[in-house]
Amino acid sequence: MSVAKPFRNAAIASNPAWAQLLGLCPLLAVSTSLVNALALGAASAFVLLGSNITIAAIRRWIPELARLPSFVLVIATFTTCAMLLMQAYAFELYLRIALFVQIIVTNCMILGRVEAFASRQPVGRAFLDAAGTACGFALALLAMGAARELIGHGSLMAGMEQLIPGSESWRLNLSESGRGLLLASLPPGAFIIAGLLLGAGNAILRRPNPAPSGSAGENSA
Amino acid sequence: MHKLVLIAAACAMLLALTDAWTADRIARNARSHELSQITDLAGAAPPADTTWNEDVWDFCSGTKLARSSAAGYGGPIRLVVGVSQGRILGIRVTAHQETPGLADFLREPKRGWLAALNGRTGPETAAVDAVAGATITSEAVVRAVRDAMDRAQDASAEGCRA
């Protein structure tokens, strides 16, 4: 099996957001701007990679009966680390999306990947799967964030300097007033745009069999 | 089950290390955030030699800041009030644990409910209706604001040598 296959499969074919519809709560809530989306994408990636690798490394060692508590413990640890690191290096941004960084713990996408993949696979493949899932989720977040910021505020990459120092000049302004279609930044707009992007993704990928492989298809928290 | 204890211990160690690594930086960030809120409230950067004196920060220009807290729905709500001639200049909530979503208005000092308090004297804040669904939060904010204004009024001007 090629090295890229688990990665591609996790990122595109079973994209956590668009194919499995997991992690929709943070996806819809945080994606009001590109910088918010990028920050949450990075925090989720950190937690996914950390917990997937850790669980895969100690998978033979985790007591079967206390499997889920162990997973949640590891995920919560990495989430708290992500929170502390964000407070240390992106404080202003953290204040805005704090709640959604905290509830990464309850994101089924992460518990799902750990239970369905990392706890049964060697470290290398678990890493590829986590990287793929993280990229897939970040891709969904960034698409949503870009679309909503563009339509809702008429700008792109506003406030990026909170995450990447010296990036003030990256900002694109399409509307002078900084106003756009307000609906896009409000929750109903999030649902509408998510639906349109989901439809567009399905049309482009034309997956013959829409059923995702592997992980639990339960609703996301 | 002792394996679970070991996993928990390893997790605790990782958390302790991260905390030790980031604690200074986080405290610094929180301080500079408070300072930027104060500058924003008073319309000018505070003089370098002044600081909180019994929860009042006198700018010696007629503007005073006072901080206070009151028990809200989920814990203490801490805020800073800018006061000028007995009237509210502005309010900044610096820390709270109220229900996310319902209490989002606490983060928007320049519009909405918090802005409606601006320009009022302490007793006049009683005439402002509580936010629907967040009555306890709103009442706690009003209590803290009135307490802060009392402090600002009581503070003597002897700190000002202008």
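Begin by selecting strand S3 (residues 76–84) and strand S4 (residues 87–95) of chain B, which run antiparallel and are joined by 7 bridges; strands here are DSSP runs (E) of at least two residues and helices are DSSP runs (H or I) of at least four, numbered from the N terminus, and two strands pair if DSSP finds at least two bridges between them. This is a predicted model, in which local features need pLDDT of at least 70 and side-chain atom pairs count only at pLDDT 80 or more, while totals for chains, interfaces and linings use all residues. Residues are numbered from 1 along each chain as its sequence is written, and chains are lettered from A and ligands numbered from 1 in the order in which they are written.

**The sheet of chain B**

Within the pair already selected, display Leu79(B), whose bridge partner in S4(B) is Val93(B). Then move to the hairpin of S3(B) and S4(B), where 2 residues lie between the strands and Gln85(B) takes a positive phi near 50°.

Next, add S2(B), which is joined to S3(B) by 9 bridges and runs antiparallel to that strand. Here Ser69(B) stands opposite Arg78(B) in S3(B), and the hairpin of S2(B) and S3(B), with 4 residues between the strands, contains Gly75(B) with a positive phi near 150°.

Now select S1(B), which pairs with strand S2 (residues 63–71) of chain B in the antiparallel sense over 3 bridges. Two positions are worth labelling in this pair: Asp58(B) has Lys64(B) as its bridge partner in S2(B), and Val56(B) stands opposite Ala66(B) in S2(B). In the hairpin of S1(B) and S2(B), which has 4 residues between the strands, Cys60(B) takes a positive phi near 60°.

With these strands shown together, the open sheet of 4 strands can be followed in the order S1-S2-S3-S4 (chain B), with antiparallel pairing. Strand S1 (56–58) and S4 of chain B stand at the edges and have a single partner strand each, so one side of each is left without a neighbour in the sheet. Neighbouring strands of this sheet are turned by 20° against each other on average, direction ignored.

**Helices against the sheet, and one arginine**

Select H1(B), which lies across S1, S2, S3 and S4 of chain B and runs at about 165° to S4(B); axes are lines fitted to C-alpha atoms, for helices over the stretch in contact, and angles run from 0 to 180 degrees between N-to-C directions. Then add helix H3 (residues 135–154) of chain B, which packs on the sheet, touches S1, S2, S3 and S4 of chain B, and has a direction that makes about 140° with that of S2(B).

Return to strand S4 of chain B and pick out Arg92(B). Is Arg92(B) buried or exposed? Arg92(B) is buried, because 22 other C-beta atoms lie within 10 Å, where a residue counts as buried at 20 or more such atoms within 10 Å of its own C-beta atom, as exposed at 12 or fewer, and as partly exposed in between, with C-beta atoms placed from the backbone. Leaving out residues up to four places away in sequence, Arg92(B) touches Gln37(B), Leu41(B), Leu79(B), Val80(B) and Pro109(B), contact being defined by C-beta atoms, placed from the backbone, that lie within 7 Å. Arg107(B) lies 15 residues from Arg92(B) in sequence and 7.8 Å away in space, C-alpha to C-alpha.

**Where the two chains meet**

Show both chains and select their contact, which takes 16 residues from chain A and 16 residues from chain B. On the side of chain A that touches chain B, helix H4 (67–89) and helix H5 (91–102) of chain A are the elements that give two or more residues, and H4(A) supplies the largest share, 11 residues. By class, that side of chain A has 12 nonpolar, 4 polar and no charged residues; Ala, Val, Leu, Ile, Met, Phe, Trp, Tyr, Cys and Pro count as nonpolar, Asp, Glu, Lys and Arg as charged, and the others, Gly among them, as polar.

Now isolate H4(A) with helix H1 (residues 2–42) of chain B: these pack at an angle of about 10°, with their axes 8 Å apart. That angle makes H4(A) roughly parallel to H1(B), a label used for angles under 35 degrees, whereas those over 145 count as roughly antiparallel, 65 to 115 as roughly perpendicular and the rest as oblique. The residues of this contact of H4(A) with H1(B) divide into 14 nonpolar, 7 polar and 2 charged.

**Chain A as a whole**

Finally, select chain A, whose secondary structure comes to 8 helices and 2 strands. Just after H7(A), Gly154(A) takes a positive phi of about 70°.

Definitions and conventions. Two residues are in contact if their C-beta atoms, placed from the backbone, lie within 7 Å.
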